[in-house]
Structure formats: structure tokens, C-alpha cells
Amino acid sequence: LAELVTLEQGKTKLDAWGDVFRGLEIVEHCASVPSLIMGETQQQIATDMDTESFREPLGVCAGITPFNFPAMIPLWMFPLAATCGNTYVLKPSEQDPGCSMRLAELAIEAGLPPGVLNIIHGAHDAVNYVCDAPDIKAISFVGSNQAGEYIFARGTANGKRVQANLGAKNHATVLADCDKEATLNAIAGAAFGAAGQRCMALSVALFVGETKEWIPELVERAQALKVNAGHVDGTDIGPMITPQAKQRAEDLIQSAIDEGADVLLDGRGVVVPGYETGNFLGPTVIANATGDMQCYQEEIFGPVLVCVNVDTLEEAIAFTNANPYGNGCALFTSNGGAARKYRHEIDVGQVGINVPIPVPLPFFSFTGSRASIRGDLNFYGKTGVQFFTNLKTVVSQWKFDETTVSKKATTAMPTMN
């Protein structure tokens, strides 16, 4: 699977292995689903009366996945849906559908009954089919805001349940009391890994006070990263997914220059021997950016780090909260009081304290917020089970002593009396 991801999507071999591994963690967690779909029972809530609730499958569910995680995102979706008793229609990205096809083959080999997992291919027409088909009761989506908001609006208008993870602009805040070497390494890895094509990539670094003097050392770390084809040993940054994605990122780098920012490291024009026409963009560091610049306001989705200088932690929190996205963020510090203040005041769904990419393990849930999500039930974990099931409640009364039955009907609201 990892080799297929590298071949088709371009990730480095190590990053592709992580893509698969994080997806398989969801599959392993599905083995514990019976404990999460258990109902509740309360006996004798009134005379001869009991109440029980239990979860039932929705029926047919569907998923629409992005190009950047060909293994992990499908594995967020269909294993949990099937374990909860649903059948599934999966539409992978048309840019790299091979991994989804292989996952389906492996699922059948593992014993998943025919017809439980179904793969369809296509672009707009396939998406519209998923949104409109009456038999499909729920849709999971990961991708851009433009597509996600469209799918959420069209799907919910047709009465479907929709969970959609959308775009991001994840901020790292750097305090002077942090472990400097570990912090710079963490930011470089989280900003430039996967060629920046992660919804949880750190694309903005807020340097508080004197820490802005560390930016040249961050540039040195970025310069040391090797750009090459993903299957080549030692590669740190592979190609971007399309020429159009590369061109868009390069245009945003140019906009930073035009608007007065300083590009301390420019990854444009990088040439990889043997792959001269590849979609390669080297790590890029933009300094002295401000919140009104296009390079800050738009999700670049490339190996580009936008650096902003602030004076205080309070200013960093306010700056982060003013951004419409709320997928992830990180604080680097050795001060427990600062960490506590940050975690409670930051308006972002997933927070890392000295952790650059705080993606939760499967027994929690992926909890992006604000403009980074549509719908109110998150992927995997307890809320994932709730998304793929309906809660049904049964109130029953069985009288053993019929002499207690009144001879007269009543129109009053039933009470426990």
C-alpha cells in the first residue's frame, strides 16, 4: 500500500508508510466498536415500564476522499461505517484512486461480504450522484472549503447527514522559553513534510518577541531538506500533486514579495535531475508577513511557511483566533502556565503543546472547528460511531397484574405517576 501511495501520489516512502499506518490504527480501533455502540437500559422507570436505547445502522453511507492521504482518509471512513452495520460507496480522488481500489481488494480478501464496499470514480457528476441518491443516508468528505461547503449544502438539502473536514491555516506559536532546537526541527518537519500538502501542516509560525532572531536557523534546517522523487531513498520533500497546484503556490510566493514580505528561502525553480519537468517546489520561508497579505489569508497547500512577528503570547492567541480556520495549532514552551492559558483561550479544535501536528489517535476524534469543518459529528472515535448510527429509544410496558388497569381512558400528558 505504501509503495502504491508513493508511486501514484508522490509522497516519500517514509511518509507513505505513515499514511497507511495511521489509517490502519482506525481499523484496529474498529475491533472495539461493540463497546461504543452498546445501548442503555433503565428498568422500572414507572410501574411495569422500562426504557432502552440502542444504535442502529443508517443503511448506505458514502465517502469522498482527497488526493493527499490516499490510504488514511478512506480508512477513516469505510471500516467504521461497515463495522457499525452499513454498506459503503467510496469515491476516491480522481488524481490517485489506486490505493482505494487496492484497499477494496484487501477488504474482500479479508472477508468483507460482496456489496458492502463499493468504489465509484469520477469528478463533479460522481459527487452530485452521492449528494442526490436517495438511498445514501450519510456523506463523509475531506478536502477543500469550496468543495466541502458545496457537498454539505447539497447533501443536507437532500436530508443527508454530512461530516466534512475542510481547509486549514494552522499556526505555531513560539515562546522564548521553549526547547529551541526541538522546536525548530518540529516546525520544519510539520511545515514542509508531504510537500506541505496536509490539512494539519504548520503553515504559519508566530515568533513571539526575541524568537524572531531564530528564523535564520529555521531557514538552515529547511535548506538541508532534500527535494526529489518520493521513491528515492533519502528524499524529504516529494513533488506536488499537479502542475496547477505548484503554479498556485508559486503565485502566492510572488504575491508575498509584491506585498512587502521577505522571502528568505525561495523554493521556486528547483530542478531534480532526471525529473526536470516534475511538480517540484522546494521549501520556502516567508518572513515579516502580516495578516492582510494574500500568502497568509489563503491556504497555500505547499511547502511554504509564513512567519509573523508578534510581541506577546496574548497577541499570538488573538492573531490565531482572528483567522477563520480552526483545524489545528501548536504552542512551543516550557512554561506550564503559558500552556494552560493557551489551551483554554485558543479557538482551535486540535491543540498541540510542544507537538507540531496534534492529530488524535482513533479512540479520540478528529476535532477541527470553525471554518475547517461542516457538520457537528467528527471523524472516528465516539462521534464517528454516532455519525454512522441512529439512536433509537423504546419505552415498553408489560403489566403483570391487570387489576391495576383503569376502566377509563385519559387524555392527560403521561407522567411517571
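Select Q44 first: in this predicted model, Q44 is found in strand 1, which spans residues 40-46. Display its backbone, where phi is positive at about 55° although Q44 is not a glycine. The residue counts as partly exposed because its relative accessibility is 48%, between the limits of 20% and 50%.

Next, select A194, which provides a second example of such a backbone angle. A194 is not a glycine, yet its phi is positive, at about 60°. A194 lies in the loop between helix 8 (180-192) and strand 9. With a relative accessibility of 14%, A194 counts as buried, since buried means under 20%.

From this loop, proceed to strand 9, residues 202-208, and select S203 within it. S203 is also buried, its relative accessible area being 15%. To see what surrounds this residue, add K169, N170, V304, L305 and V306 to the selection; S203 touches each of them, leaving aside residues up to four places away in sequence.

Now select strand 7, residues 161-165. Of its 5 residues, 4 are buried, so the strand is largely enclosed by the rest of the structure. Then show strand 6, residues 136-142, which runs parallel to strand 7 and is joined to it by 5 bridges. For one point of reference in this pairing, select I139, whose bridge partner in strand 7 is V162. To follow the connection, trace the chain from strand 6 through helix 7 (residues 145-157) to strand 7; this β-α-β crossover is right-handed.

Strand 7 also pairs with strand 17, residues 373-374. Here the two strands run antiparallel, and 2 bridges join them. Select A164 together with R374 in strand 17, its bridge partner.

While the strands are on display, the side chains may be shown as well. In a regular strand, side chains alternate between the two faces of the sheet.

For the final stop, turn to the surface and select L361, F363 and F364. These residues make a nonpolar surface patch of about 330 Å². Within the patch, centre the view on F364, located in the loop between strand 15 (351-353) and strand 16 (369-370). F364 is classed as exposed because its relative accessible area, 54%, is over 50%.

To review the route, recolour three of the stops by accessibility: F364 as exposed, Q44 as partly exposed, and S203 as buried.

Conventions
Residues numbered from 1 in each chain as written. Predicted model: local features only at pLDDT ≥ 70, side-chain atom pairs only at ≥ 80, totals over all residues. Heavy atoms only, no water. Buried < 20%, exposed > 50% of the residue type's maximum accessible area, 1.4 Å probe, protein only. Contact = heavy atoms within 4.5 Å. Pairing = 2+ DSSP bridges. Right-handed = clockwise from strand over helix to strand, strands pointing away. Patch = residues over 30% accessible without salt bridge, like charges linked within 9 Å, V, L, I, M, F, W, Y side chains within 5 Å. Areas by Shrake-Rupley, 256 points an atom, 1.4 Å probe, with all protein chains shown as cover. Salt bridge = Lys/Arg side-chain N within 4 Å of Asp/Glu carboxyl O.
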